[in-house]
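Trainee: Could you show me how to read helix packing in a structure like this one?

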Amino acid sequence: MTEKDFLPQPYTKVVNKGSITWQAPSNIALVKYWGKKEHQIPANPSVSFTLNNCKTTTTLNYEKKKSPSQDFDFELYFEGKIKEDFKPKITTFFKRIEHYCPFLKEYHLTIKTENSFPHSSGIASSASGMSALALCVMSLEKELDPGMAEEFFNRKASFLARLGSGSACRSIKGKIVVWGKHDGIASSSDLFGVEYPGKVHEIFHNYQDTILLVDKGTKQVSSSVGHNLMHGHPFAEARFKQAHKNLEALTNVFQTGDLDDFMELVESEALTLHSMMMSSRPYFILMKPNTLEIINKIWEYRERTGMPICFTLDAGANVHVLYPEKHSEIILEFIKNELVAYCENEQYLCDRIGDGARRIEN
Ligand code: PMV
């Protein structure tokens with residue numbers, strides 16, 4: 001498929017007024033996306049576990065105007081209150097997708113959005129937020145074009161979400177989602193995320209992710225600035241090649257269920273992501289002392305008990321602790337007794353693999 005496939009056909013229906021709600025999850029990458037080309041095309045393929053509990057719920061109310069307006073006409077409510085400072089991000093998003101959704105300026109839109117996780121938790125809400133909004137926009141498009149096939153709907157929703165925030169395209173459908181062209185995964189694309197098509201060992205069913213909130217402050221460096229620092233980065237090419245290799249290795253691990261290989265690969269990806277940040281110009285360190293304390297405790301515990309527990313990181317100080325469901329009781333005990341003390345206000349979130357976004361009937 002190419003970008004052109006997402007340009008709309010003439011619409012068959014006229015729709016005046018309505019309301020659509022979608023709930024979309026966050027995701028955690030195992031092979032990381034870091035570095036992009038123009039139009040949010042990733043420099044390397046990535047794969048993520050879809051989360052279940054960390055999610056955004058967005059309602060889009062739409063009302064047709066007498067004539068289309070010059071600018072996008074919308075109001076934005078976050079957790080029940082008008083939120084002016086979120087509007088520029090949404091306007092940028094609408095501008096990027098306008099070509100593919102030309103009907104947007106024909107409507108007055110009211111967007112109401114809320115997250116299931118605390119606002120200042122340091123958890124990026126862009127993945128769940130942009131995917132929920134993209135899905136609402138797609139449901140409106142489907143009202144105008146009721147014959148739209150489900151696969152196309154999901155692909156275009158992911159395609160639009162990607163234009164809002166790259167990793168958001170991995171938050172539409174499926175427990176494990178690949179984004180970015182990889183030779184070993186036939187359906188993979190740079191344009192949208194696809195549900196991982198290969199065999200997945202049952203050990204990964206219901207895999208757990210306990211998110212330790214080490215630092216709830218706002219990000220020191222936005223991810224778009226971070227991605228751009230991969231241009232001219234001395235290790236960029238080697239890193240992009242490594243991501244291809246790691247994704248290939250992970251497809252084997254998904255099949256065999258070899259957790260030693262899984263843990264080594266996932267932790268190495270997390271540390272590589274951070275080492276790319278540390279070796280860019282300007283350089284930065286997003287881990288905090290407590291991030292390292294937690295990592296060391298996890299390693300010590302794993303060494304001592306043989307429990308299959310590992311960590312990954314996103315572009316921040318928080319730690320995602322990953323482990324199979326069958327060990328959750330004992331590992332959660334360890335987390336509460338030994339790791340939670342390193343979290344800001346002892347806050348952590350228990351999550352696990354989920355199935356993707358779902359529409360909520362209004
Ligand atoms: O979607 P963005 O542009 O915020 O980038 C996210 C990048 C990482 O979270 C660090 C890695 C990933 O693949 O999700």
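Mentor: Happily; we will look at two helix pairs and then at one single helix. Keep in mind that this is a predicted model.

Trainee: At what angle do α1 and α2 pack?

Mentor: Helix α1 covers residues 87–97 and helix α2 covers residues 126–144; their axes lie 12 Å apart, at an angle of about 50 degrees. Angles from 35 to 65 degrees fall in the oblique class, and α1 and α2 are therefore oblique to each other. Their crossing is right-handed.

Trainee: Which residues make the contact?

Mentor: A general idea helps here: an α-helix has 3.6 residues a turn, so residues three or four places apart point the same way. In this case α1 brings K89, I90, F93, F94 and I97, while α2 brings S126, M130, L133, A134 and V137. By class, that contact has eight nonpolar residues, one polar and one charged.

Trainee: And how do α1 and α3 cross?

Mentor: Helix α3 spans residues 150–164, and its axis comes within 9 Å of that of α1, with a crossing at roughly 130 degrees. These two helices are therefore oblique to each other, and their crossing is right-handed. On the α1 side are F93, R96 and I97, which meet L160, L163 and G164 in α3. Four of the residues in this contact are nonpolar, one is polar and one is charged.

Trainee: How many residues does α6 have, and what is found at its start?

Mentor: Helix α6 (residues 259–278) has 20 residues. From first C-alpha to last it reaches 28 Å, close to the 28 Å expected at 1.5 Å a residue. At the start of α6, a side-chain oxygen of D258 comes to within 3.0 Å of the backbone nitrogen of D260.

Technical notes:
Residues numbered from 1 in each chain as written. Predicted model: local features only at pLDDT ≥ 70, side-chain atom pairs only at ≥ 80, totals over all residues. Heavy atoms only, no water. Axes fitted to C-alpha atoms, helices over the stretch in contact; angles between N-to-C directions. Helix = DSSP H or I, 4+ residues; strand = E, 2+ residues; numbered from the N terminus. Parallel < 35°, antiparallel > 145°, perpendicular 65-115°, else oblique. Left-handed = near helix turned anticlockwise from the far one by under 90°. Contact = heavy atoms within 4.5 Å. Nonpolar A, V, L, I, M, F, W, Y, C, P; charged D, E, K, R; others polar. Expected span 1.5 Å × (residues − 1). Polar contact = N/O pair within 3.5 Å; in protein donor to acceptor, adjacent residues only side chain to side chain.
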